Amino acid sequence: MNAVANDMTGTFVPSAEDTRRLRNAFGRFATGVTIVTCASEDGPICITANSFSSLSLEPALVMWAVDKGSRRFEYFAKAQHFAIHVLGADQEALCFASAKDALALTQLDHSINGEGTPVLPGCLARFECKTEAHYEAGDHVIMVGRILRAAQEEGDALAFFGGKIGSFTQAEQA
């Protein structure tokens with residue numbers, strides 16, 4: 001006899017009428033926090049995202065997803081290049097500035113790489129990418145980037161869990 005696995009007390013069926021429950025369930029997965037940047041006719045564009053993931057080592061690919069309903073969507077859909085910045089625990093203000101304003105970089109420290117993409121200093125990691133592919137996925141588009149250059153620094157990570165920002169500190173190894 002096969003029993004339906006229902007051993008969790010908060011089990012529900014996702015519905016378009018109640019997306020909050022699904023968002024809350026997604027929020028149970030702790031993620032890092034990134035800022036994705038691209039160049040545009042309007043200036044340097046940024047968006048805060050936690051949908052980032054490594055995808056492939058050979059070729060070197062990463063992915064992230066952007067909501068098709070976002071006012072920033074068209075900038076990234078058109079971009080030939082973008083950069084993903086993994087934020088450190090000391091970059092919470094940068095996270096919120098990017099979340100509030102697509103053009104926040106006009107007021108923040110950044111430089112421009114050889115492809116014309118805005119890049120941020122002081123991040124834990126940075127992946128400078130050429131757009132490889134876009135994939136429709138419900139109300140989002142998955143953006144795949146081929147990594148042209150990557151950089152990394154030491155530090156504690158900025159983290160997102162349950163709708164809150166925090167940090168993750170690595171334990172000292174003996």
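Here are some exercises on this predicted model, each with a worked solution.

Residues are numbered from 1 along each chain as its sequence is written. Because the model is predicted, local features need pLDDT of at least 70 and side-chain atom pairs count only at pLDDT 80 or more, while totals for chains, interfaces and linings use all residues; side-chain values use heavy atoms, with hydrogens and water left out.

**Exercise 1. The sheet**

Work out the order of the strands in the open sheet, and find its edge strands.

*Solution.* Start with the terms: strands are DSSP E runs of at least two residues, helices are H or I runs of at least four, and both are numbered from the N terminus. Two strands pair if DSSP finds at least two bridges between them.

Step 1: the seven strands run in the order β3-β2-β6-β9-β10-β5-β4, with antiparallel pairing. Step 2: β3 and β4 are the edges, since each pairs on one side only. Step 3: neighbouring strands are turned by 35° against each other on average, direction ignored. For angles here, axes are lines fitted to C-alpha atoms (for helices, over the stretch in contact), and values run from 0 to 180 degrees between N-to-C directions.

Step 4: now zoom in on two pairs. β9 and β10 pair over twelve bridges, and Glu136 has Val141 in β10 as its bridge partner. β4 (residues 53-56) and β5 (residues 61-67) pair over three bridges, and they make a hairpin with four residues between them. In that pair, Ser54 sits opposite Val62 of β5.

**Exercise 2. The cores**

Find the residues with the most contacts inside the largest nonpolar core.

*Solution.* A nonpolar core is a set of buried Ala, Val, Leu, Ile, Met, Phe, Trp, Tyr and Cys residues joined through side-chain atoms within 4.5 Å. Buried means under 20% relative accessible area, exposed over 50%, and partly exposed in between (1.4 Å probe, protein chains only).

Step 1: the largest core has 21 residues, and Val36, Trp64, Phe76, Phe82 and Met143 have the most contacts inside it. Step 2: the elements giving it two or more residues are β2, β3, β5, α2, β6, β9 and β10. Step 3: apart from it lies another core, of eleven residues, including Cys95 and Cys123.

**Exercise 3. Two loop residues**

Are Thr117 and Cys123 buried or exposed?

*Solution.* Contact means heavy atoms within 4.5 Å.

Step 1: Thr117 is in the loop between β7 and β8. Thr117 is buried, at 2% relative accessible area. Leaving out residues up to four places away in sequence, Thr117 touches Thr37, Cys38, His81, Phe82, Ala83, Ser111 and Ile112.

Step 2: Cys123 is in the loop between β8 and β9, and Cys123 is buried too, at 7%. Gln91, one of the residues Cys123 contacts, is 32 residues away in sequence and 8.0 Å away in space, C-alpha to C-alpha.

**Exercise 4. The largest pocket**

Which element gives the largest share of the lining of the largest pocket?

*Solution.* On a 1 Å grid over the protein atoms alone, a pocket is an open set of points where a 1.4 Å probe fits, with protein on both sides within 12 Å along at least five of seven lines; lining residues have an atom within 4 Å of a point.

Step 1: of the 37 lining residues, the closest to the centre are Arg23, Asn50, Ser51, His140 and Phe160. Step 2: α1, β1, β3, β5 and α3 each give two or more residues. Step 3: the largest share, seven residues, comes from α1.
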